[in-house]
Amino acid sequence: MTWYKDAVFYEVYIRAFCDGNGDGHGDFQGLTSKLGYLQELGVNCLWLLPMYDSPLVDDGYDVRDFLKIHQDYGTVEDFKEMVQETHRRGLRVIADLVMNHTSDQHAWSQEARSSKNSPKRDYYLWSRTNRKLKDARIIFVDFQESNWEFDPLTGEYYFHRFYPQQPDLNYDNPAVQQAMLRVMKHWLDMGIDGFRADAVPYLFKREGTNCENLPETHAYLKRVRRFLDENYRGKVLLAEANQWPEEVREYFGAGDEFHMCLHFPLMPRIFLALKREDRRPIVDILNRTPPIPESCQWATFLRCHDELTLEMVTEEDRQFLWDAYAPDHQMRLNLGIRRRLSPLLNNDRRRIELAYSLLLTLPGSPIIYYGDEIGMGDNITLKDRGGLRTPMQWSNEENAGFSVAHPSAMYSPVNDDEVLSYKRINARSQLEDPSSLFHTVRKMILARKTHRAFGRGSCQFLEPQNTAVLAYLRRYESDNILVVHNLSSSRQSVSLESTEFPACLPVDMLSGDAFAPVSRGPYALDLDPYQYLWLTLKPLSQPSP
């Protein structure tokens with residue numbers, strides 16, 4: 001029932017993945033046709049970005065109808081076929097659940113705006129002034145000056161945490177609470193394996209607070225979990241809560257709220273550690289992270305469909321990361337950086353592999369953003385987050401093999417810059433090249449899947465004097481693994497205290513190479529620039545394979 005602990009997730013923007021009907025937009029037919037590729041990569045569970053009917057002001061996070069599929073993505077039958085085929089291949093699928101708000105075109109919103117006496121009026125938050133809830137922070141700081149928007153139809157303001165076209169729901173209304181449970185039931189009955197719940201810290205609002213992480217929010221989310229456990233055992237809930245570790249910890253409850261939570265504070269510190277060539281940002285944030293219930297799991301990631309958010313770092317570190325990774329102001333968005341993994345790391349294969357090694361060996365279940373497994377680039381000339389959501393690069397054919405549509409019909413231009421053009425970076429060429437990034441990531445995933453210590457084991461950080469080296473022990477039952485990373489661009493020597501793993505033979509599970517046996521005293525290693533090692537610690541009495 002805790003399958004998610006051993007899973008590797010793959011985040012799919014349906015519109016960008018594969019066009020099955022030739023209209024220039026990705027759809028469920030296209031996704032279904034590419035499940036073999038995902039199976040070969042070795043991922044266990046797909047995470048689908050919003051698939052619901054929407055005017056697409058916010059790429060589907062502005063939901064017009066929770067119970068309908070957006071027409072560009074196909075039919076309900078297409079969706080059901082995709083779910084069935086995913087399960088047939090031994091994979092799972094979860095979908096985004098947009099809980100906090102709707103589109104202003106949703107029937108609830110339309111009715112709420114029709115009259116102050118509308119039965120749906122109380123589905124949203126209204127005020128005669130725009131001065132209430134003044135302590136609620138503005139999230140889209142590049143676009144918004146207020147969380148209130150004036151509605152000329154009824155002469156009052158409504159509250160929104162995101163775009164004005166996304167009015168927040170009023171969870172103090174029991175009808176809203178019940179309606180969201182009905183939305184969950186609708187899709188769970190079609191066979192999906194759970195939800196990634198969007199923006200959950202903001203559900204309830206209270207004057208005099210920042211309207212985040214309120215007790216009422218946790219109480220409702222526990223009700224959501226009870227509903228799932230009582231009716232759909234084995235399904236999973238993953239929370240998006242961009243908060244500090246102590247605050248995110250509360251979304252696990254006592255194992256009775258979310259099964260999983262995204263670890264937002266870790267992600268920017270991976271990039272901080274890589275740029276500073278210093279392990280301490282990673283070690284410090286994970287040491288600060290509170291223990292979680294046995295049945296729960298962190299979800300870790302390098303990149304996703306949003307900007308690389310820098311909300312959970314100090315102002316000094318934020319400026320450092322902006323200067324280091326986004327020197328062009330076009331690369332910045334809100335309090336973050338709108339770049340993909342490969343260009344963030346200067347398309348340096350060694351650094352990209354090192355980042356994946358961190359992702360796949362640190363505590364938690366990793367999430368890979370579509371296209372990052374082949375080193376796709378971005379297009380910062382596209383507005384907002386569109387530069388991170390360009391078509392998947394399947395081949396060097398027209399439209400990157402994504403679609404047979406005329407280029408003018410494409411939802412987005414394919415990435416055709418000089419360095420990361422689809423003509424150079426595409427899945428077909430990497431599938432044919434055993435030394436490609438795809439096959440390296442695939443090999444890492446396979447190794448991870450054969451050692452449950454990565455998904456379930458303890459993590460003990462070692463403290464060598466050389467801070468450019470990050471080393472930790474992952475342990476679960478009889479599985480003992482030493483993971484070592486050289487975060488530096490230069491060769492490094494390190495001496496590891498071996499009292500925690502005496503008398504053993506380290507064998508690199510990725511290369512099969514055996515290292516010098518560990519005996520008494522410090523264990524010395526010489527590491528090439530950006531080298532990483534996944535060493536199984538075999539008792540000396542056990543012969544090497």
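Colleague: Are Y10 and F17 buried or exposed?

Modeller: This is a predicted model, in which local features need pLDDT of at least 70, side-chain atom pairs count only at pLDDT 80 or more, and totals for chains, interfaces and linings use all residues. Residues are numbered from 1 along each chain as its sequence is written, and side-chain values use heavy atoms, with hydrogens and water left out. Buried means under 20% relative accessible area, exposed over 50%, and partly exposed in between, with a 1.4 Å probe and protein chains only. On that scale, both Y10 and F17 are buried.

Colleague: Which kind of aromatic pair do Y10 and F17 form?

Modeller: Rings of Phe, Tyr and Trp (its six-membered ring) pair if their centres lie within 6.5 Å, with planes under 30 degrees apart counted as stacked, over 60 as edge-to-face and the rest as tilted. A search of the whole structure finds 33 aromatic pairs. With 6.0 Å centre to centre and 70 degrees between the planes, the pair of Y10 and F17 is edge-to-face.

Colleague: Over the face of which residue does K120 lie?

Modeller: A charge sits over a ring if NZ of Lys or CZ of Arg is within 6 Å of the ring centre and within 35 degrees of the ring normal. Ring pairs link F28, Y52, F66, Y73, F79, W108, Y123 and W187 into a cluster. At 5.3 Å from the ring centre, K120 lies over the face of one of these residues, Y123.

Colleague: In which order do the three strands of the open sheet with β13 stand?

Modeller: Strands (E, at least two residues) and helices (H or I, at least four residues) are DSSP runs numbered from the N terminus, and two strands pair if DSSP finds at least two bridges between them. The three strands form an open sheet with antiparallel pairing, in the order β13-β15-β14. Since pairing on one side only marks an edge, the edge strands are β13 (308–309) and β14 (332–333). From edge to edge, then, the order is β13-β15-β14.

Colleague: Which residue of β15 is the bridge partner of L308?

Modeller: β13 and β15 (residues 336–337) run antiparallel and are joined by two bridges. In β15, the partner of L308 is I337.

Colleague: How far is the backbone oxygen of A326 from a polar atom of the R332 side chain?

Modeller: R332 lies in strand β14 and counts as buried at 15% relative accessibility. Contact means heavy atoms within 4.5 Å, and, residues up to four places away in sequence not being counted, R332 touches Q319, W322, D323, A326, P327, I337 and R338. The backbone oxygen of A326 is separated from a polar atom of the R332 side chain by 2.9 Å.

Colleague: What is the relative accessible area of A400?

Modeller: N399 and A400 each have a positive phi of about 60 degrees although neither is a glycine. N399 lies in the loop between β16 (365–369) and α14 (427–431), and A400 is placed in the loop between β16 and α14 as well. N399 counts as buried at 5% relative accessibility, and A400 is buried with a value of 0%.

Colleague: How far apart in space are P291 and D328, C-alpha to C-alpha?

Modeller: P291 is found in the loop between α10 (280–288) and β12 (297–301), where its relative accessible area of 69% makes it exposed. P291 and D328 are 37 residues apart in sequence, while their C-alpha to C-alpha distance is 39 Å.

Colleague: What span separates the end C-alpha atoms of helix α15?

Modeller: The expected span of a helix is 1.5 Å times one less than its number of residues. The buried residues of α15, among them L437, F438 and M444, pack against elements including α3 (35–41), α13 (349–361) and β23 (532–539). For the 13 residues of α15 (437–449) the expected span is 18 Å, which agrees with the distance between the end C-alpha atoms, 18 Å.

Colleague: Which residue of β23 stands opposite P506?

Modeller: Five of the five residues of β21 (504–508) are buried, with C504, P506 and D508 on one side and L505 and V507 on the other. β23 is largely enclosed by the rest of the structure, because seven of its eight residues are buried. β21 and β23 pair in the antiparallel sense over five bridges, in which L505 has K538 as its partner. Opposite P506 stands L537.

Note on methods:
A polar contact is a pair of N or O atoms within 3.5 Å; within protein, one must be able to donate a hydrogen and the other to accept it, and residues adjacent in sequence count only if both atoms are side-chain atoms.
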